[in-house]
Amino acid sequence: GARCLGVLVGGVAAWQLAASQKRERFLQSFGTQAATALESALQERANARRQVASVAEEYREASRRVLHEVNNPLSIIKNYLSVLDSKLERQEPVTGEMSVLNEEIDRVGQLIGTLADIKPVETGPRAFDAVKVAEDVVRLFRAGQFVPGSVQITTALHDDARLVEGDADTLKQILVNLIKNAVEALAGSGGGRIEIANRGHVHRERRLFLELSVSDTGPGLAPEVMANLFTPVKSTKDGAHRGIGLSIVHGLVKKLNGHIACRSGRTGTVFEILLPAWSGASAAPALPARALGSV
Ligand SMILES: Nc1ncnc2c1ncn2[C@@H]1O[C@H](COP(=O)(O)OP(=O)(O)OP(=O)(O)O)[C@@H](O)[C@H]1O
Ligand SMILES: [Mg+2]
């Protein structure tokens, strides 16, 4: 099973030839050791190359996810600029639009920051109002020309259970992706209805969760997408779609220590999200003023 790695060539003077022939075994073991050293050096180089390639691929993957997510606030900003434009023309107040623009621009900055591993300062356990996030996201979609007239977005968010552990922006990203997919599915099939609901508290594995759902009356997920749910797929849509929205959603739900499931058929699709309910135990939650009812 010996393999030839290369040929060592040396020269000796004619008068040394007899002595060298006597040292044939030494020369052979010198050759074997040189080959071993060469082989391990080559292997190390190949390992290093593989590692560099896998880090580069991880980075490319992360960049694709950031690009995908940055495009969401960017299109919200673009949409709000045109809302702003028409409101200013009518000389109507634009404070609401300005604050959305501010928030979304901050979100772009934060999303890009994740690529450079700039993490937000850890503030311990936090809570946020999931219903407020859902209402905000729906408002973003309803403004301007975002959603075609044939697509109706409704909410069923009337519930007292609303506080969830974690970071509000993460839920915003999840909902924007799911609603965007639903809008795209309905727009491509003649329209229909999307509903964002708060289904209240549920127990799972001895923990209390808040269940949210995003459902639509669209054509349902293709079997090949369903079979590889929450992993990057070949998008069924034209244009710049990369088929990574649902895999990002899955990662974000995991980041919130939640669960996500999908049921889909010919008459529609529902995504059910379980998020850890805020137990209020360890630290004072950084609640938005509205959740405390003080504003
Ligand atoms: N609500 C839905 N109704 C029908 N099909 C859906 C729905 N949500 C997702 N899909 C299907 O799942 C596929 C994957 O969705 P995903 O969000 O991961 O990628 P995408 O929307 O195609 O592209 P991207 O999100 O990268 O722009 C879509 O191409 C579409 O076929
Ligand atoms: Mg998508």
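This section describes the sheet around strand β7, the surroundings of ligand 1, and several individual residues in a predicted model.

Strand β7 spans residues 268-276, and nine of its nine residues are buried, so the strand is largely enclosed by the rest of the structure. Burial applies to both faces of β7: Gly268, Val270, Glu272, Leu274 and Pro276 point one way, Thr269, Phe271, Ile273 and Leu275 point the other way, and all are buried. The residues that share a direction with Val270 thus include the acidic residue Glu272.

Two strands that pair with β7 are β5 and β6. Strand β5, residues 207-216, pairs with β7 in the antiparallel sense over eight bridges. Within this pairing, glutamate 211 has leucine 274 of β7 as its bridge partner, and leucine 212 is partnered in β7 by isoleucine 273. Leucine 274 and isoleucine 273 point in opposite directions from β7, and both are buried. Strand β6, residues 259-265, also runs antiparallel to β7 and is joined to it by seven bridges. Here the bridge partner of serine 264 in β7 is threonine 269. The connection between β6 and β7 is a hairpin with two residues between the strands.

Strand β5 is itself largely enclosed by the rest of the structure, because eight of its 10 residues are buried. Besides its pairing with β7, β5 is joined to β4 by 10 bridges, and β4 and β5 run antiparallel. In this pair of strands, alanine 197 stands opposite serine 213 of β5. A hairpin with two residues between the strands links β4 and β5, and glutamate 205 in the turn has a positive phi of about 45°. Arginine 206 is likewise found in the loop between β4, residues 192-204, and β5. The phi of arginine 206 is also positive, at about 55°, although this residue is not a glycine. Most residues other than glycine have a negative phi. Arginine 206 is exposed because its relative accessible area, 87%, is over the 50% cut-off.

Ligand 1 sits in the second largest pocket. The elements that give two or more residues to the shell around ligand 1 are α5 (168-187) and α7 (245-255). Helix α5 gives the most, with four residues. The shell around the ligand holds 20 residues, of which Asn181, Ser235, Thr236, Lys237 and His241 come nearest.

Several polar atoms of the protein lie close to oxygen atoms of the ligand. An N or O atom in the side chain of asparagine 181 is 2.8 Å from an oxygen atom of ligand 1. For histidine 68, a polar side-chain atom lies 2.8 Å from an oxygen atom of the ligand. Arginine 242 places a polar backbone atom 3.0 Å from a ligand oxygen atom. Taken alone, ligand 1 exposes 600 Å², of which the protein buries 95%.

Histidine 68 is placed in helix α2, residues 24-89. Its relative accessible area is 19%, so histidine 68 counts as buried under the 20% cut-off. In addition to its approach to the ligand, the side chain of histidine 68 makes a polar contact of 2.8 Å with the side chain of glutamate 69.

Another buried residue in a helix is arginine 107, which lies in α3, residues 95-115. Its relative accessible area is 4%. The side chains of arginine 107 and glutamate 104 are joined by a polar contact of 2.9 Å.

Two further loop residues can be described. Phenylalanine 230 lies in the loop between α6 (223-227) and α7. The phi of phenylalanine 230 is near 70°, a positive value in a residue other than glycine. Phenylalanine 230 is buried, with a relative accessible area of 13%, whereas arginine 206 is exposed. Glutamine 145 is found in the loop between α4 (130-142) and β2 (151-156). This residue is exposed, with a relative accessible area of 71%. Glutamine 145 and tyrosine 80 are separated by 65 residues in sequence, and their C-alpha atoms are 9.3 Å apart in space.

Methods: Residues are numbered from 1 along each chain as its sequence is written. Chains are lettered from A and ligands numbered from 1 in the order in which they are written. This is a predicted model: local features need pLDDT of at least 70, side-chain atom pairs count only at pLDDT 80 or more; totals for chains, interfaces and linings use all residues. Side-chain values use heavy atoms; hydrogens and water are left out. Buried means under 20% relative accessible area, exposed over 50%, partly exposed in between (1.4 Å probe, protein chains only). Two strands pair if DSSP finds at least two bridges between them. A residue is near a molecule or strand if one of its heavy atoms lies within 4 Å of it. A polar contact is a pair of N or O atoms within 3.5 Å; within protein, one must be able to donate a hydrogen and the other to accept it, and residues adjacent in sequence count only if both atoms are side-chain atoms. Accessible areas come from the Shrake-Rupley method with a 1.4 Å probe; for residues, only the protein chains shown count as cover. On a 1 Å grid over the protein atoms alone, a cavity is a set of points where a 1.4 Å probe fits but cannot get out, and a pocket is an open set with protein on both sides within 12 Å along at least five of seven lines; lining residues have an atom within 4 Å of a point. A molecule sits in a cavity or pocket if more than half of its atoms lie within 2 Å of its grid points.
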